Amino acid sequence: MKPTKKTRRTDHAERLIAATLVDVFAAFTSAEKLARWLPPEGAAGAFEHSDLREGGGFRLRLTFDDPDVETKSDDDSDLVAVHIPVLDDGRLIVWEVEFVSDDPRFSGTMAMHWYLSRKGGGTLVTVDAHHVPPGISAKDHEAGLTSSLAKLAAVVEERAVS
């Protein structure tokens, strides 16, 4: 699907995490860690496939605690297929995200660019989601991105503390 004006939205979130860049990057390349932090609050994730290297990808099924959450794939879950074209030495991670859905509001490819940079003794994680499907509300997406970043911080900061 060629992006239209409605699908050209970019959503943004960032968080300074009190952990090394190496530890934060490792949370993107470990299926166990990624499954813990990527699903937003109120959701759980289970990998159907994971190959967390450049050129690889993953399929993640998200299930939600709240039965009223509108799901994209079936009655109680979202299935997300991700290709990883860029995994740049701990500085940039690019995901091409496809939602498995028959609903055209969720069609197309959303590109998520995760930037990691050293800052103030920690790591600044910035995510820009480009070409967000119009079926995902900006408010819900921002809340989800912010929640995932908070969970990422919890996962890597617990290692940094212990």
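Here a biologist asks about one structure and a modeller answers.

Biologist: What kind of model is this, and which pLDDT do side-chain atom pairs need?

Modeller: Residues are numbered from 1 along each chain as its sequence is written, and side-chain values use heavy atoms, with hydrogens and water left out. This is a predicted model, where totals for chains, interfaces and linings use all residues, local features need pLDDT of at least 70, and side-chain atom pairs count only at pLDDT 80 or more.

Biologist: What is the order of the strands in the open sheet?

Modeller: Strands are DSSP runs of E with at least two residues, and helices are runs of H or I with at least four, both numbered from the N terminus. Two strands pair if DSSP finds at least two bridges between them. The sheet has seven strands with antiparallel pairing, in the order β1-β7-β6-β5-β4-β3-β2.

Biologist: Which strands are the edge strands?

Modeller: Look for strands that pair on one side only. The edge strands are β1 (10-17) and β2.

Biologist: How many bridges join β2 to β3?

Modeller: Strand β3 covers residues 57-64 and runs antiparallel to β2. Ala-46 has Arg-61 as its bridge partner in β3. Asp-51 has Gly-57 as its partner there. The number of bridges that join β2 to β3 is eight.

Biologist: Which residue in that hairpin takes a positive phi?

Modeller: The hairpin of β2 and β3 has five residues between the strands. The residue with a positive phi, near 90 degrees, is Gly-55.

Biologist: Is Gly-42 buried, partly exposed or exposed?

Modeller: Gly-42 sits in the loop between α2 (31-37) and β2 (43-51). Buried means under 20% relative accessible area, exposed over 50%, and partly exposed in between (1.4 Å probe, protein chains only). Gly-42 has 27% relative accessibility, so it counts as partly exposed.

Biologist: How far is Gly-42 from Asp-65 in space, C-alpha to C-alpha?

Modeller: In sequence, Gly-42 and Asp-65 are 23 residues apart. Contact means heavy atoms within 4.5 Å. Leaving out residues up to four places away in sequence, Gly-42 touches Thr-63, Phe-64 and Asp-65. The C-alpha to C-alpha distance from Gly-42 to Asp-65 is 5.3 Å.

Biologist: Which helix gives the most to the largest nonpolar core?

Modeller: A nonpolar core is a set of buried Ala, Val, Leu, Ile, Met, Phe, Trp, Tyr and Cys residues joined through side-chain atoms within 4.5 Å. Of the 39 residues in the largest one, Trp-37, Trp-95, Trp-114 and Leu-152 touch the most other members. With six residues, the helix that gives the most to this core is α3 (residues 138-161).

Biologist: Which residue forms a salt bridge with Arg-9?

Modeller: A salt bridge is a side-chain nitrogen of Lys or Arg within 4 Å of a carboxyl oxygen of Asp or Glu. Arg-9 is partly exposed because its relative accessibility is 23%. Its partner is buried, at 7%. The closest N and O atoms are 2.8 Å apart, and the partner is Asp-11.

Biologist: How many salt bridges are there by this rule?

Modeller: Asp-51 and Arg-53 meet in one, at 2.9 Å from N to O. Asp-103 and Arg-105 meet in another, at 2.7 Å. Glu-48, Arg-59 and Arg-61 are linked in a network of salt bridges. By this rule, the count is six.
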